[in-house]
Amino acid sequence: MDFTLPEETIAIRDMVRDFSKKEIEPLAARVDKEDFFPHELFKKMGRLGILGITIPEEYGGSGLDYLTQGIILEEISYYSGSIGLSYGAHSNLVADNINRNGNDGQKEKYLPDLITGEKMGSLCLTEPSGGSDALGSMKTTYRKEDGHYVINGSKTFITNAPVADTFLVYSRNGNSFSAFLVEKADGVETPKWIDKMGMRGSPTGEVYFNNVKIPGDRLMRTEGDGKKIIYEGLNAERAVLAFGPLGIARRALDEAIAYSNQREQFGTKIGNFQLIQEKIAYMFSRLEASKLLAYEAAIMTKDKIADPSYAASSIMIASETATQIAKDALQIFGGYGYTSDFPLERLVRDAILYEIGAGTTEIRKIIIAKALLKR
Ligand SMILES: Cc1cc2nc3c(=O)[nH]c(=O)nc-3n(C[C@H](O)[C@H](O)[C@H](O)COP(=O)(O)OP(=O)(O)OC[C@H]3O[C@@H](n4cnc5c(N)ncnc54)[C@H](O)[C@@H]3O)c2cc1C
């Protein structure tokens, strides 16, 4: 597989790196401490042209691939894991999903405002009674009424929900699962902003649908296509979100190297101790190995699921790697790493989310093993 990045992707990566250093780095600590969502920043990202990176130009996007979207997420996550997560949910879970599954009218109506960042998007799958078994235990229902659909139920752990205008909602009618585009103005209630240990500033919320009536043209694809949309969406989501933990891990490694070259104990730099060197060697090797798999999975992921084991492996390894690297970096910082004066403890808290969101590590293992045993 050829991992040479196209010139356009390199230029976008460098542009996002500069933007993130200038615009995200100064905000990152406040975003975490105050659980503050910087909506203006998303409008700036819209002006930069990165919110619709996988969307065709006719809708205001850039028509590029998942690898480029992943690399953007990595650059943002280097400075703020939580802004990265909100970026991923908005631009991949919602905008890219609408592009893949929406009809022309839906794309024309919803994509332009999502691409400029004027409106924020949320993908609603998980419910209070079911995350891993999202389909089997889904209780949110829809029914048809006078050419409209009426949705009832609730969702939880939904990224961006407290600030979202556009909701991509999965619901069921008996054994038929369908996906709908629902607007906040339709009567969606988002009363709760969930307090979290990490990814603070990426708003996570509960979403309630109490007889929410939407026009018939908000159905995505056809009735009963929800299952397919969910599985294809999760595959693309995993392939792209794997780059979030890579960004967090790269930041942790850079911090650890800089500190090892500066901090002295026993009359010498701590980087001269072989136990510190071993950590750095493993951090680098694990990060590079995870990165190669993430590149491979992102390149392989197209509209349809070629093989779900690649995207699942990619995010499984990247997230476990990020947690380990962030913890090792914190250890290298000693007591200072444990304080909020340095970003290490935030990196650990943020990294752990990627072992849970987009399907847990356990569920990823099941997906990988099932795909391999079927071959
Ligand atoms: C910050 C954050 C953001 C999120 N954003 C979104 C979002 O935007 N949209 C959305 O729809 N969801 C979102 N989620 C939800 C997320 O996808 C779920 O939390 C996740 O899928 C796990 O579901 P659960 O929390 O219900 O855990 P459960 O499914 O109850 O799992 C509990 C434990 O049991 C394990 N387990 C479950 N089944 C099995 C099995 N068969 N074999 C072995 N172990 C098993 C799990 O791995 C886990 O360790 C988000 C979650 C968080 C924390």
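Strand β3 contributes the most to the shell around the ligand, giving three residues, and this shell is a convenient place to begin reading what is a predicted model. Of the 20 residues around the ligand, those that come nearest are L125, G131, S132, T360 and E362. Two or more residues of the shell are supplied by each of β1 (121–124), β3 (148–159) and α12 (361–374). In character the shell divides into ten nonpolar, eight polar and two charged residues. With respect to the assigned domains, at least three residues of the shell come from domain 2 (123–224), and at least three come from domain 3 (242–374).

From the ligand we can turn to helix α5, which covers residues 104–116 and has 13 residues. The distance from its first C-alpha to its last is 18 Å, close to the 18 Å expected at 1.5 Å a residue. Within α5 there is nevertheless a bend of about 35 degrees at Y110, and a proline, P112, follows within four residues. The buried residues in α5 are K107, Y110, L111, L114 and I115. An α-helix has 3.6 residues a turn, so residues three or four places apart point the same way. The buried residues of α5 pack against two helices, α2 (39–48) and α4 (81–101), and against the strands β1, β4 (166–173) and β5 (176–183). One of these partners, β1, is also among the elements that give two or more residues to the shell around the ligand. After α5 comes G117, whose phi is positive, near 85 degrees.

A second helix, α9, runs over residues 308–332, and because its 25 residues should span 36 Å at 1.5 Å a residue, the 36 Å between its end C-alpha atoms agrees with that expectation. Helix α9 is mostly covered, with 21 of its 25 residues buried. The residue G334, which follows α9, has a positive phi, near 55 degrees.

The last stop is E264, which lies in strand β7 (residues 264–265). Is E264 buried or exposed? A residue is exposed if 12 or fewer other C-beta atoms lie within 10 Å of its own, and E264 is therefore exposed because it has 10 other C-beta atoms within 10 Å. Along the chain E264 and Q331 are 67 residues apart, while their C-alpha atoms are separated by 15 Å.

Technical notes
Residues are numbered from 1 along each chain as its sequence is written. This is a predicted model: local features need pLDDT of at least 70, side-chain atom pairs count only at pLDDT 80 or more; totals for chains, interfaces and linings use all residues. A residue is near a molecule or strand if its C-beta atom, placed from the backbone, lies within 6 Å of it. Ala, Val, Leu, Ile, Met, Phe, Trp, Tyr, Cys and Pro count as nonpolar, Asp, Glu, Lys and Arg as charged, and the others, Gly among them, as polar. Domain bounds come from an automatic or database domain assignment. The expected span of a helix is 1.5 Å times one less than its number of residues. The bend at a residue is the angle between axes fitted to the seven residues ending there and the seven starting there. A residue is buried if 20 or more other C-beta atoms lie within 10 Å of its own, exposed if 12 or fewer, and partly exposed in between; C-beta atoms are placed from the backbone. Two residues are in contact if their C-beta atoms, placed from the backbone, lie within 7 Å.
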